[in-house]
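Open the model in your viewer and keep the selection tool at hand. We will go stop by stop, with something to select at each one.

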Amino acid sequence: MQTSTRDRIVVATARLLQRQGYVGTGIKQIATESQATLGSIYHFFPGGKEAVAVAAIRHGEQEFAALLKEALDSEPDPADAVVSCTRQLAAGLKESGWVDGCPVTAAALETLGADSELQKACADALNGWERLVRDKLLGCGFPAGDARELATTVISAIEGAEVTAQVNRSEEPLLAAGRQLARLVRSYGIDPPRR
């Protein structure tokens, strides 16, 4: 199946943002990487670089949400599911040569304090991932307040561990975070559902 020009632009921009951030990504580079003309970019994204970046962040959000959901669904025990997720992330990061980290981290950090569509897309992504973890915890019998706070902790720790893994070019920060988050989840003493 052939990819549409719009999709090529979005995917190429997502990879560029992931690797070099919003500030480091130029519209001409997006055109080159997506094999699209500048006219095509402005046709699909009349708002220019920010508009294509928002679409790319949403694409990255969906990609990571799929990985996270698969990891969460792979294990009935939420602690084991978190470990599975961090293992997958560590392996993918290593395989990419330590460049394909979180699809929103760089853009989120570059837009701090701004009230922009890009900042909102980053916040929506993080909040959506937290909801996936929260829903897993709720489904396993965690009280709502604990599930919400624990989900925030899980996503925050994974985000930080991923950056640390990239900087150190090591899987260990993600693997350690997974092990410690699993201990935290288990400390609540809630028995996971059986398959």
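Let us begin with a single residue: is tyrosine 42 buried, partly exposed or exposed? The model you are looking at is a predicted one, and in it tyrosine 42 is partly exposed, because its relative accessible area is 39%, between the cut-offs of 20% and 50%.

**Stop 1: around tyrosine 42**

Select residues 38–44 to see where this tyrosine sits: they form helix H3, and tyrosine 42 belongs to it. Now show its contacts. Leaving aside residues up to four places away in sequence, tyrosine 42 touches Ile27 and Gly48. For a distance check, pick the C-alpha atoms of tyrosine 42 and valine 52: these residues are ten apart along the chain, and the two atoms are separated by 9.0 Å.

**Stop 2: the loop before H3**

Step back along the chain to glutamine 35, in the loop between helix H2 (27–34) and H3. Check its backbone torsions here: phi is positive, about 55 degrees, although glutamine 35 is not a glycine. Its relative accessible area is 67%, so glutamine 35 counts as exposed.

**Stop 3: the annotated span**

Next, colour residues 3–63. The UniProt annotation "domain: HTH tetR-type", from an unreviewed entry, covers this stretch. The span is 75% helix and 0% strand, and its end C-alpha atoms lie 16 Å apart.

**Stop 4: the whole chain**

Zoom out and switch to a cartoon view. The protein has nine helices and zero strands, so from the N terminus on the elements run α-α-α-α-α-α-α-α-α. The radius of gyration is 18 Å, close to the 16 Å that the globule rule gives for 195 residues, so the protein is as compact as a globular protein of that length. Along the principal axes, the C-alpha trace spans about 55 × 40 × 30 Å.

A few totals are handy while you are zoomed out. Of the 195 residues, 44% count as buried. Among contacts with a separation of 6 or more, 70% are between residues 24 or more positions apart. If you turn on the surface, you are looking at about 9900 Å² of accessible area, of which 51% belongs to carbon and sulfur atoms.

**Stop 5: helix H7**

Select residues 117–139, which make up helix H7. H7 has 23 residues and reaches 32 Å from its first C-alpha to its last, close to the 33 Å expected at 1.5 Å a residue. Show side chains for its buried residues, among them Cys122, Trp129, Glu130, Val133 and Lys136. Which helices do the buried residues of H7 pack against? They pack against H4, H5, H6, H8 and H9. After H7 comes glycine 141, with a positive phi near 100 degrees.

**Stop 6: helix H8**

Move on to residues 144–168, helix H8. Its 25 residues should span 36 Å at 1.5 Å a residue, and the end C-alpha atoms are 36 Å apart, which agrees. The buried residues of H8 include Leu150, Val154, Ile155 and Ile158, along with Glu159 and Glu162. Its buried residues pack against helices H4 (49–74), H5 (78–95), H6 (105–110), H7 and H9 (172–186).

Follow the chain off the end of H8 to arginine 169, in the loop between H8 and H9. Arginine 169 has a positive phi of about 50 degrees although it is not a glycine. With a relative accessibility of 54%, arginine 169 counts as exposed.

**Stop 7: the cores**

In soluble globular proteins, nonpolar side chains tend to be buried together. How many residues does the largest nonpolar core have here? This core has 47 residues, and those with the most contacts inside it are Ile57, Leu68, Trp129, Val133 and Leu174. The elements that give two or more residues to this core are helix H1 (5–20), H4, H5, H6, H7, H8 and H9. H4 gives the most, with nine residues.

Centre the view on leucine 174 for a look inside. Beyond residues up to four places away in sequence, leucine 174 touches Thr86, Leu89, Ala90, Leu93, Ile158, Ala161, Glu162 and Ala165.

For the last selection, take Ile27, Ala31, Ile41 and Phe45: they are included in a second, separate core of eleven residues. Ile27 also brings you back to the starting point, since it is one of the residues that tyrosine 42 touches.

Key. Residues numbered from 1 in each chain as written. Predicted model: local features only at pLDDT ≥ 70, side-chain atom pairs only at ≥ 80, totals over all residues. Heavy atoms only, no water. Helix = DSSP H or I, 4+ residues; strand = E, 2+ residues; numbered from the N terminus. Buried < 20%, exposed > 50% of the residue type's maximum accessible area, 1.4 Å probe, protein only. Contact = heavy atoms within 4.5 Å. Expected span 1.5 Å × (residues − 1). Core = buried A, V, L, I, M, F, W, Y, C linked by side-chain atoms within 4.5 Å. UniProt positions renumbered as here; feature names shortened; annotations may be inferred. Rg over C-alpha atoms; globule rule 2.2 N^0.38 Å. Areas by Shrake-Rupley, 256 points an atom, 1.4 Å probe, with all protein chains shown as cover.
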